[in-house]
Amino acid sequence: MIGELVGTVGEAVEIKGYAQNYRAPIAAMQFSADEGDTWTTYPTTGAEQDRNVNWSFTFTPAASGHYRLLVRAVGGDGRITPEPALVHLSVSEASRAPRELL
Amino acid sequence: MTKIDKKMISLIASGTIVLASAPAVQAMAATDDTAGVTDQTMAADAATSAISDAAQSPSSIKNIQGTFTWNQSASMDNPMLARTLYQSSRYLCGAQGNQLDGAALTSATTAESAPTSSIETIEVKGDVGNAFTATISDYEKKAPVMRTFACTCKGNPADGRASANVEVKGFKLSALLRDADPADDVNTITFTSSDGYSVSLPLSYVMQRYSIIVTSANGEDMSDALGCSNQLWLGSTSARSFVKDVVSIELTCEANPPAAPGMSEDANQPNVGVVSGAFES
């Protein structure tokens, strides 16, 4: 687990990692920012079993708050990561220039 | 309306406080001018609880969208590989770490601390038609392999760091075994290290996988890269980097052949690790 990432609304955040599986190739990566209620799936078609999948996911928070991004992998045998990786993000409102405040 | 109620409503109206839960709102509404001190206290407690919940509850995004990329070609550099998989995790990785009886631990410790010496040959023996001494440089030419492999420590936890791709070079173990001409009933292969440590595996298990005697990692000799002269690497295996500094391979027929290295059902497989993250600025 990495430390909490701190940024502002409208600023893109890039997260990198790996997925590894002994039993079958990695078939997809999944991301959730609502405690696992919904998962967005990105296929990794053609991935080979004996190598890790190095992945990168970039998104831009549209609202301030504290986010918990969950990351998991799907194996070619249908098995899903039992314990997803977790990234904490703290997003604050973008600071405004003094002129904009007047 | 009490002073507490008025103050709380003022804070809510100003946006200073956002109530997150309906019960808290109901609790606030339940208090009026006729309510006693207990009710006021309950309302204040409920509001405080709601404020705390609001501060701690994570924000959420349904069906999060972003840009996703992936590859399998990027390798971890050797200094990082040595730190992540060979030094800090040495007792959790591979056969020299995961069978920790006292003797094995002593042997593994000795192997880790001994100066690396160049191993130029491997003795091939046992129930074979052709026992011989294989020269490593000959087999590097005869059956060369260069391939990117994942190297994962068996003890790597959920979201752990001890897993990485490495571009390894060496020779196919199958070529060496073919030249040895094992007897039909051979079912066990035993690898022995220069320090005397040995591990036995089912021959069928080794033959069904990508099995390589690795002599370089990411273009660097193993001795410089990872502090050993050579190393057995097995594909699709929970501890891919098995025996280091292999000096002999024995093929035998055993009444009770060793069990295949397994993977517990409750292991976090497939595993995912987050290694870095940053906002763009």
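Student: Which residues of strand β10 (residues 231-234) of chain B are buried on one side, and which on the other?

Tutor: Good place to start, and do keep in mind that this is a predicted model. On one side of β10(B) the buried residues are B:Q231 and B:W233, and on the other they are B:L232 and B:L234. Both faces of the strand are therefore covered. A residue counts as buried if 20 or more other C-beta atoms lie within 10 Å of its own.

Student: In which sense does β10(B) pair with strand β8 (residues 211-217) of chain B, and over how many bridges?

Tutor: The two strands pair in the antiparallel sense, over 4 bridges. To find the pairing on your screen, look for B:I212, which stands opposite B:W233 of β10(B). That is the B:W233 we just met among the buried residues.

Student: Let's turn to a helix. Which residues of α8 (residues 173-180) of chain B are buried?

Tutor: Here is the general idea. An α-helix has 3.6 residues a turn, so residues three or four places apart point the same way. Now the case in this structure: the buried residues of α8(B) are B:L173, B:L176, B:L177 and B:A180. They lie on the same side of α8(B), because they cover an arc of only 95° around the axis.

Student: What is the phi of B:D181, just after α8(B)?

Tutor: B:D181 takes a positive phi of about 55°. The general idea is that most residues other than glycine have a negative phi, and most peptide bonds are trans. Two further residues to look at are B:N218 and A:E35: phi is near 50° in B:N218 and near 60° in A:E35.

Student: Where are those two, and is each of them exposed or only partly exposed?

Tutor: B:N218 is in the loop between β8 and β9 (220-221) of chain B. B:N218 counts as partly exposed, with 17 C-beta neighbours inside 10 Å. A:E35 sits in the loop between β3 (26-32) and β4 (40-43) of chain A. A:E35 is exposed, as 10 other C-beta atoms lie within 10 Å.

Student: What about peptide bonds: which one is cis around B:P270?

Tutor: The bond from B:Q269 to B:P270 is cis, with omega near -5°. You will find B:P270 in the loop between β12 (246-252) and β13 of chain B.

Student: How many residues of chain B are in contact with chain A?

Tutor: There are 45 residues of chain B in contact with 58 residues of chain A. On the chain B side, the elements that give two or more residues are β1 (67-71), β4 (144-152), β5 (163-172) and β13 (271-279). The largest share, 9 residues, comes from β13(B). By class, this side of chain B has 18 nonpolar, 24 polar and 3 charged residues.

Student: Which strand of chain A is joined to β13(B)?

Tutor: Strand β2 (residues 13-20) of chain A runs antiparallel to β13(B), and 8 bridges join them. As a landmark, A:K16 stands opposite B:S276 in β13(B).

Student: Last one: what is chain A built from, and why is it more spread out than a compact globule?

Tutor: Chain A has 1 helix and 7 strands, in the order β-β-β-β-β-β-β-α from the N terminus. Its radius of gyration is 17 Å, well over the 13 Å that the globule rule gives for 102 residues, so chain A is more spread out than a compact globule. The C-alpha trace of chain A spans about 60 × 20 × 20 Å along its principal axes. Of the 102 residues of chain A, 42% count as buried.

Key: Residues are numbered from 1 along each chain as its sequence is written. Chains are lettered from A and ligands numbered from 1 in the order in which they are written. This is a predicted model: local features need pLDDT of at least 70, side-chain atom pairs count only at pLDDT 80 or more; totals for chains, interfaces and linings use all residues. A residue is buried if 20 or more other C-beta atoms lie within 10 Å of its own, exposed if 12 or fewer, and partly exposed in between; C-beta atoms are placed from the backbone. Two strands pair if DSSP finds at least two bridges between them. Two residues are in contact if their C-beta atoms, placed from the backbone, lie within 7 Å. Ala, Val, Leu, Ile, Met, Phe, Trp, Tyr, Cys and Pro count as nonpolar, Asp, Glu, Lys and Arg as charged, and the others, Gly among them, as polar. The arc is that of the directions from the helix axis to the C-beta atoms. The radius of gyration is taken over C-alpha atoms; the globule rule is 2.2 Å times the number of residues to the power 0.38.
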